[in-house]
Amino acid sequence: MADANLNASERTIDVNGRHYRLPTQPTVVVCVDGCEFDYLEAAVAAGVAPFIGTMLKGGAAFKGDCVIPSFTNPNNLSIVCGVPPSVHGICGNYFWDPDANGGKGAEVMMNDPAYLRAGTLLAAAAEAGAAVAVVTAKDKLRRLLGWQLKGICFSAEKADTVSLEENGIGEVLDLVGLPVPDVYSAGLSEFVFAAGVRLAQTRKLDLMYLSTTDYIQHKWAPGTAGANAFYAMMDGYLAKLDALGWVIGLTADHGMKAKHDPQTGEPNVIYLQDVLDDWLGDRIARVILPITDPYVVHHGALGSFATIYLPREVDAAQVIERIGRLQGIEAVLDNRAACERFELPNDRVGDIVVVSTKHVVLGTRRADHDLSGLTVPLRSHGGISEQEVPLLFNRRVDGLPSGKGGKRLRNFDIFEVALNRVSSS
Ligand SMILES: [Zn+2]
């Protein structure tokens, strides 16, 4: 028996060139969508998040960088693969696929696991014998995160249609004791936490990944009533997981910033397709916004990152130079420079990458954005200004992974720290 235990404690997996110990104590990584560090500190300061307060004060709270574009899917996949999009291939919700439409190309969603170029550490851990569960808020992420995973994987959004064959679990609503939440609500994320706690209470699990949605963060700034209520809710569930003996690692897929004029509340938008049509002629350039997905009501498909496809006869260098002179542009790079700097797959990024400044977003044509769903001034993400994210642990951390050339900690280091570097008590 001692040998078996010894072996169990030394079992490891190698995934995408990184080395992980299989959990010897149940371990959960939580990706809080759009969790700017300020949200945590403000909720703690307001006295509504005492458990998060202990994580912040316990000496295991760090700031790191997410991947650019600072969007949900590229970062969630980076976290579960432990590597940037240049390796796993998912660099947006949406992209121009030159092979689609019989080789003519088409703008398509990147939700299909067929676009994934790397395995997840979750699937590898399950393959090695760990009992793994994944709960996401939106169903768009579920199939990517659950790719080749032999375990439990379901979304709050579709919690009423789970099956043992598809999701590794039969009855979720009975287990969680909450109704299926509205896709545009704080309840969607609460369901994820509640499900995580119920799974931890009722099953023998080794590894769990919980991923929420940023509905609240798009609407509420750090320290506001709506934000603090969300973090108070989250605090209660995290405290329960801690009390159940779980190691907790908490990070975010990206931050979130105000993207509107503080006086008028109107969004600060550069409609790039309109600008390029004006310069080059109608629809010569093709602007792709990788934030685009079926759930755009709370951000109007406006984020701080865009990519542009140009026909061969247009000189990209000249277009880059002109875009660089626009007000509100933080970076404009050609494909090669952008993919090198942001670790992106060259074949899924256009000829030009544009990143807008902290309070500015990028659109296609003004006429193509339905902003009627923006009931509060726009907050969004996608840029370098939303790159800083928290990494928090409920245990002491022994030494951080030393990035090459003094690079900052990344959100996709979170599993490595949680599995290899937290102390056992
Ligand atoms: Zn997100």
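Is Asp253 buried or exposed in this predicted model? Asp253 is buried, with a relative accessible area of 0%, and the legends below begin with the metal site to which Asp253 contributes a donor atom.

**View 1. Protein donors around the zinc ion in the predicted model.** The zinc ion is held in view with its protein donors, Asp33 through OD, Thr72 through OG1, Asp253 through OD and His254 through NE2, which lie 1.9 to 2.2 Å from the ion. Along the chain these donors follow the spacing D-x38-T-x180-D-H.

**View 2. Angles at the zinc ion.** Among the four donor atoms the angles run from 90 to 136°, and the site is classed as irregular because a tetrahedral assignment requires all angles to lie between 85 and 135 degrees.

**View 3. Burial of two zinc donors, Asp253 and His254.** Asp253 has a relative accessible area of 0%, and His254 likewise counts as buried, at 0% relative accessibility; both residues fall in this class because buried means under 20% relative accessible area.

**View 4. The largest pocket and its lining.** This pocket holds about 420 Å³ of space and is lined by 23 residues, of which Glu107, Gln273, Val287, Thr364 and Arg365 lie nearest its centre. By residue class, the lining divides into twelve nonpolar, five polar and six charged residues.

**View 5. Strands that contribute to the lining of the largest pocket.** Strand 5 (94-97) and strand 13 (286-288) each supply at least two residues of this lining, and the largest share, three residues, comes from strand 13.

Technical notes:
Residues are numbered from 1 along each chain as its sequence is written. This is a predicted model: local features need pLDDT of at least 70, side-chain atom pairs count only at pLDDT 80 or more; totals for chains, interfaces and linings use all residues. Side-chain values use heavy atoms; hydrogens and water are left out. Donors are N, O and S atoms within 2.8 Å of the metal (3.2 Å for Na, K and Ca); water is not among the atoms, so sites may look incomplete. Four donors count as tetrahedral if all angles lie between 85 and 135 degrees; four count as square planar and six as octahedral if opposite donors are over 155 degrees apart and all others between 65 and 115; anything else is irregular. Buried means under 20% relative accessible area, exposed over 50%, partly exposed in between (1.4 Å probe, protein chains only). On a 1 Å grid over the protein atoms alone, a cavity is a set of points where a 1.4 Å probe fits but cannot get out, and a pocket is an open set with protein on both sides within 12 Å along at least five of seven lines; lining residues have an atom within 4 Å of a point. Grid points are joined across faces, edges and corners, and a volume is the space filled by probe spheres set on the points. Helices (H or I, at least four residues) and strands (E, at least two) are DSSP runs, numbered from the N terminus. Ala, Val, Leu, Ile, Met, Phe, Trp, Tyr, Cys and Pro count as nonpolar, Asp, Glu, Lys and Arg as charged, and the others, Gly among them, as polar.
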